[in-house]
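Hello,

Here is the structure I promised to pass on to you. Have a look at it first, and then read on for what turned up.

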Amino acid sequence: MERRNFLWGAATAAHQVEGDNQHSDWWRWEKEGNIEGGALSGKACDHWRLFREDLQLAKSLGLNSYRFSIEWAKIEPVQGEWNEEAFAWYDSLLQECEKLEIVPMITLHHFTLPAWMADKGGFAVKESITHFVRFASEVIRRFGDRIPLWCTFNEPLVLCLGAYLGGFMPPAKNNPELIGVASRNILDAHALTYDLLHRRRKKRLGPFAHFPLEVGIAHNMMDFLPDRVWHPIEQIVAGALDRFYNRAWLDAITGAKQNFGLLGLIKAPEQNKMLHGHRTADYIGVNFYTKAFVRWKPRDSGEGVITQLPLGVSFARKEEPQSDMGWAIHPDGLRKALECAASYNLPIYVTENGIADRADRYRRGYIFDHLLEISKANENGANIRGFYYWSLLDNFEWSKGFGPRFGLFEVDYETKERKARASALAYRDIIRAHEGTAAPQADILKSLR
Ligand code: FCB
């Protein structure tokens, strides 16, 4: 495969698909009854057993890239002890990618921690940096020669918000100051891992050896809008959230000023001055799903009061098309996210974009309309090199359990059988029609739509 080919992908995360992540903080969190309907991730999709079949499914759609995570809690279930069985499994998964010419993008941290690390205080404590980097360097030592694309952290800000404000991730403390503290620690861990990967002198091996090494993060972006366009406070808050939520991390990894603080709610931690002017990303990974209406003095708690401020956030108007998560379908927001990402002058990967749609009513159109925004952004000078649909399979959707169905392939959780949804075949046709092109093309998309 030529390196210049657009990467047509799908993404997953270990905890959501593999099953049996027993030594993780989430496993315990689930047992404590924190998931909707009391769900437990259990065997999840049993990807651990069925990964060969799953990669064949990916191949059958014509995917040439697969983004997945290597689970720290499986690799180091007990502090200081590497689990050889887990390394062997990830080795087989990589071999399968190599055999099928599916370029792996590896996420090193996707929301979960080994329980022992969570017990020490997770990323809210400085020592997490050393522990994470030790884990990352062992993965790099073993697999570094074979992997071109790395995503150190998935949605670090969502992780910090879920853990220290929103209550939807362990340890669900309500202590906003820790959002800044943990962000700073994660930034340091990210930057050290970036340097580790780039300082490595060993020759790259395998079918992707000629691909340039690219390291970044997957960053969740949202379109913040005032609930009432005329409302001055809502306009100001939407702007502040845009800066904080969409830009702060991108500034930090591109060497600009770090500002993880927010409006008297989150105290900005001390900056890592060594990173000023020092870029620690080769690309920008954009995870995009929806928009957020910001309302000052929300009418009822259904609007999600998120802080001690009288501030509500909602993700769709009642009357507009939305996913099973209640997230509005809003391709125009992807356009804005890509414009923002492009302003950093780095290549971009859309590392996640997808919809929970059990009936598969909107997914086909969703994929088309978001790819169309990608094609337009490229025409306007952005450099978008890949698209990863979230997700390859229906999977364990964190605090929502198995209810939301994001998959290109439907999973029967009883039998673990997979079935292609009609939208998956539409995605396959889009990929086929783009053979020989470098990126999604508006005319091709429009002719198939
Ligand atoms: C993202 C997460 C991913 C998945 C999707 C729906 O925020 O990175 O694991 O849960 O949302």
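Which residue in β9 does Y349 stand opposite? It is G386. Before more on that part of the fold, please keep in mind that this is a predicted model.

**The strands around β8**

Y349 belongs to β8 and has a partner on another strand too: G285 stands opposite Y349. The two pairings behind these contacts are alike in kind. Strand β6, which covers residues 284-296, pairs with β8 in the parallel sense over 4 bridges. Strand β9, residues 384-390, also pairs with β8 in the parallel sense, again over 4 bridges. So what surrounds β8 itself? Strand β8 spans residues 348-353, and 6 of its 6 residues are buried, so the strand is largely enclosed by the rest of the structure. As a reminder for when you look at the side chains there, those in a regular strand alternate between the two faces of the sheet.

**The chain as a whole**

Stepping back, you will find 14 helices and 11 strands in the chain. Its radius of gyration is 21 Å, close to the 22 Å that the globule rule gives for 449 residues, so the chain is as compact as a globular protein of that length. Along the principal axes, the C-alpha atoms fill a box of roughly 55 × 55 × 50 Å. Of the 449 residues, 62% are buried. Among contacts with a separation of 6 or more, 74% are between residues 24 or more positions apart.

As for the surface, the chain exposes about 17,400 Å², and carbon and sulfur atoms supply 51% of that area. On the charge side, there are 56 positive and 57 negative side chains. The centres of these two sets lie 3 Å apart.

**One residue in a helix**

I also picked out A182, which sits in helix α9 (residues 177-199). Is A182 buried or exposed? With a relative accessible area of 0%, A182 is buried. Leaving aside residues up to four places away in sequence, A182 touches F123, A124, C160 and Y164. For a sense of distance across the model, A182 and W296 are 28 Å apart in space, C-alpha to C-alpha, and 114 residues apart in sequence.

If you would like to start somewhere, try Y349, with G285 opposite in one direction of pairing and G386 opposite in the other.

Best wishes

Terms used. Residues are numbered from 1 along each chain as its sequence is written. This is a predicted model: local features need pLDDT of at least 70, side-chain atom pairs count only at pLDDT 80 or more; totals for chains, interfaces and linings use all residues. Side-chain values use heavy atoms; hydrogens and water are left out. Helices (H or I, at least four residues) and strands (E, at least two) are DSSP runs, numbered from the N terminus. The radius of gyration is taken over C-alpha atoms; the globule rule is 2.2 Å times the number of residues to the power 0.38. Buried means under 20% relative accessible area, exposed over 50%, partly exposed in between (1.4 Å probe, protein chains only). Contact means heavy atoms within 4.5 Å. Accessible areas come from the Shrake-Rupley method with a 1.4 Å probe; for residues, only the protein chains shown count as cover. Lys and Arg count as positive and Asp and Glu as negative; His and the chain ends are not counted. The place of a charge is taken as NZ of Lys, CZ of Arg, CG of Asp or CD of Glu. Two strands pair if DSSP finds at least two bridges between them.
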